[in-house]
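Work through the following exercises with the sequence and the model open. Each task is followed by a solution in steps.

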Amino acid sequence: MTITRRNVLLGATAVAALAPIASRAQTSEVVIGVLYPLSGASAQQGVDAQKAYEAALDVINKNHEFDLPMAKGEGLSGLGGAKIRLIYADHQGDPQKGRAEAERLITQEKVCAIVGTYQSSVAVTVSQTCERYQIPFMSADNSSPSLHARGLKFFFRAAPHDEMFTKAMFDFYDALKKKGTKIETLALFHEDTIFGTDSANAQTKLANERGYKIVADIKYRSNTPSLSAEVQQLKVANADVLMPSSYTTDGILLVKTMAELGYKPNAIVAQAAGFSEKALYDAVGDKLEGVITRGSFSLDLAAKRPMVGAINALFKEKSGKDLNDNTSREFMALVVLADAVNRAKSTDGEKIRAALAATEIPGEQTIMPWKRVKFDEMGQNNDADPVLLQYIGGKFVTISPPQGVVAEAVWPMK
Amino acid sequence: MTAQTIIQSLASGLLMGLLYGLIAVGLALIFGLMDVVNFAHGEFLMIAMYATFFLFAFFAIDPLLSAPLVAAALFVFGAVVYLLIVRFAVRAKANAGMVQIFSTFGLAIVMRGLAQYFFTPDYRSVTHSWLGGKTVSIGGIFLPEPQLIGAAVAIAAFGGLYFFINRTDFGRALEATREDAGAVALVGIDKNRVFALGWGLGAALVGLAGAIMSIFFYIYPDVGASFALIAYVTVALGGFGSVFGAFAGGIIVGLVEATTALLLPPSLKAVGIYAVYLLVVFVRPRGLFGSM
């Protein structure tokens, strides 16, 4: 076919005529990028995250009676009932792929914000890319403190970071010590990317401040084929508390190798990650009776706040799992972001950023044990109180902080 | 550092090293036979682990019993991969090397993708088995039973393979085809059949390793990646194409890894392996037992 001048003119006229419709159609939906590992070693976390975001999307886009921002009524009232549409992208746990995918989401998919990313190491590059394009980055489940400390304008995190989590652990040790339990020595076991190193740094700092002795500090390479040498060193150190910061694969191998080498730690207090995943307890739960992990979420809250149970049911219907430390944070991240877009009444990055900065959601209107959601000038919510959970009889019970305690901690573990 | 710590580390390293050898030998065999590096070797290991897992999950067959079944299944799989893919890849007229690399590399990606699609990316484990979690303690040195059996199987497999290659007609045909694939056709040996059986044998050996490993390792679509990397180093260290080299290479890698973790921070333990590998490449580029 040859293209004549008339064809071109006709086409141009058609485009011009349709353009206003297209732009009007755009405001009826708000496009948000969701960036997770959907393949590779951590793909399962990405798949679970997808289910959490689908649950949040259900709450936001459909009419629910929950006392949560954006639950009542359909869509975002501030944008004439516009619905949120999520675009998922896969970063495979690789910071460079994360950067490239963030760029693609912003420039080609025209997302107005990005939420992600599970691995803190990927959040580093994704948040830098967002900053460059002036698009808000909502860190749902990254826990490295150095993320917000960089002072990015477009970085926001509603959940606690590992210094807050670690402080909760040491507060708990102090309380136990006061009651006469012997806790003097600690062994750190952490993977070697920003998550593990930041976590270990926070733990080392607090241990020094509060007079605990670190007798082993083992940094290992993630997804290693064997942990025998590492576990051997932990066994020799035989600390009062073993503190792992590990993803699921290494967590499973750690517990299996400890059993094989005849090492029974006195107590384990984990920096969540792998230790809040169902897969780990399916594999080695029988060896973990009494393990303690930090968390940002506790199902025990459902007794006080029935909405938590209802939302857990909504998520379970999609995923077959209960909400955990990660999926609960992912759910809340999208709700907080939607609330900001709604108040911004716009999909402009700068306006959403301003609305996020002005966020003030009381704790009761979340599914978390938090005081409230309010961001400081670094984009960090300092009123997100962490909890400590203990794995007893096949489920988690809250053992700290004092106001949320359901059961007395079992110490040492079985 | 006590003597006990050192002995424990070396013992763990030796057991792991024998398994590394068993994983790598299939790779060495296939390379020796037809100069093709199978980049899907780690994925062969992965499907062997999944096969073991599913036999356990659906039919409650213990990994020790299913090991021969899995090895047999992998034998068929390996032969089919040769007949359907590699046979055509090696015929490429131009850029034959690249075509071979990309065909097995592509196969690896497809297998990983299919595994993720059909088996989900969730981490699986054989939760209870005859040997799982059992361990023998000799004077404070702990030897996990699954790894002990794995080491025994590896030694038996190498013994069997040695006998097979040196004492049977097919083994001689294998050696002859490897020396000169053109000349064997003159004496009536079907080259394709030998290659297919070679691929089958190589896959069966990694299948055996996968079945044993699923007793003590987690299983997910990417599980092959880190083991495949070690297998490539093992083969390169021991000498490309040398079956005995893979055996020795595996033991060396296991021991070096354990020793490095004793001396350096464990996150650097791979450094020791690659340092030894570099040294070998400088001193003896064809690998320790390479005959090329």
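**Exercise 1.** Determine whether A:Ala273 is buried or exposed, and describe its backbone and that of A:Ala272.

Solution. A residue is buried if 20 or more other C-beta atoms lie within 10 Å of its own, exposed if 12 or fewer, and partly exposed in between, with C-beta atoms placed from the backbone. A:Ala273 has 31 C-beta neighbours inside 10 Å and therefore counts as buried. A:Ala272 has 25 such neighbours inside 10 Å, so A:Ala272 counts as buried too. Next, the backbone: phi is positive at A:Ala273, about 50°, although this residue is not a glycine. A:Ala272, not a glycine either, has a positive phi of about 40°. Finally, the location: A:Ala272 is in the loop between β9 (269–270) and α10 (278–284) of chain A, and A:Ala273 lies in the loop between β9 and α10 of chain A. Helices (H or I, at least four residues) and strands (E, at least two) are DSSP runs, numbered from the N terminus.

The model is predicted: local features need pLDDT of at least 70, side-chain atom pairs count only at pLDDT 80 or more, and totals for chains, interfaces and linings use all residues. Residues are numbered from 1 along each chain as its sequence is written, while chains are lettered from A and ligands numbered from 1 in the order in which they are written.

**Exercise 2.** Give the strand order of the five-stranded open sheet in chain A, then place β3(A) in its surroundings.

Solution. The order is β2-β1-β3-β4-β5 (chain A), with parallel pairing; two strands pair if DSSP finds at least two bridges between them. β2 (83–90) and β5 (155–156) of chain A are the edge strands with a single partner each, so one side of each has no neighbour in the sheet.

Now take β3(A) and its partners.
- Strand β1 (residues 29–36) of chain A pairs in the parallel sense with strand β3 (residues 113–116) of chain A over four bridges.
- A:Gly33 is opposite A:Ile114 in β3(A), and A:Leu35 has A:Gly116 of β3(A) as bridge partner.
- Strand β4 (residues 137–139) of chain A runs parallel to β3(A), joined by three bridges.
- A:Gly116 faces A:Ser139 in β4(A).

Then consider the faces: A:Ala113 and A:Val115 on one side of β3(A), and A:Ile114 and A:Gly116 on the other, are all buried. Last, the connection: β3(A), helix α4 (residues 120–133) of chain A and β4(A) form a right-handed β-α-β unit (right-handed if, with the strands pointing away from the viewer, the path from the first strand over the helix to the second runs clockwise).

**Exercise 3.** Locate the cis peptide bonds that precede A:Pro401 and A:Pro412.

Solution. A:Ser400 and A:Pro401 are joined by a cis peptide bond with omega about 0°. A:Trp411 and A:Pro412 are joined by another, with omega about -5°. A:Pro401 is in the segment after β14 (395–400) of chain A, and A:Pro412 is in the segment after β14 of chain A.

**Exercise 4.** Summarise the secondary structure and dimensions of chain B.

Solution. Chain B has 11 helices and two strands. From the N terminus on, its elements run α-α-α-α-β-β-α-α-α-α-α-α-α. Along its principal axes, the C-alpha trace of chain B spans about 60 × 50 × 35 Å. Of the 292 residues of chain B, 52% count as buried.
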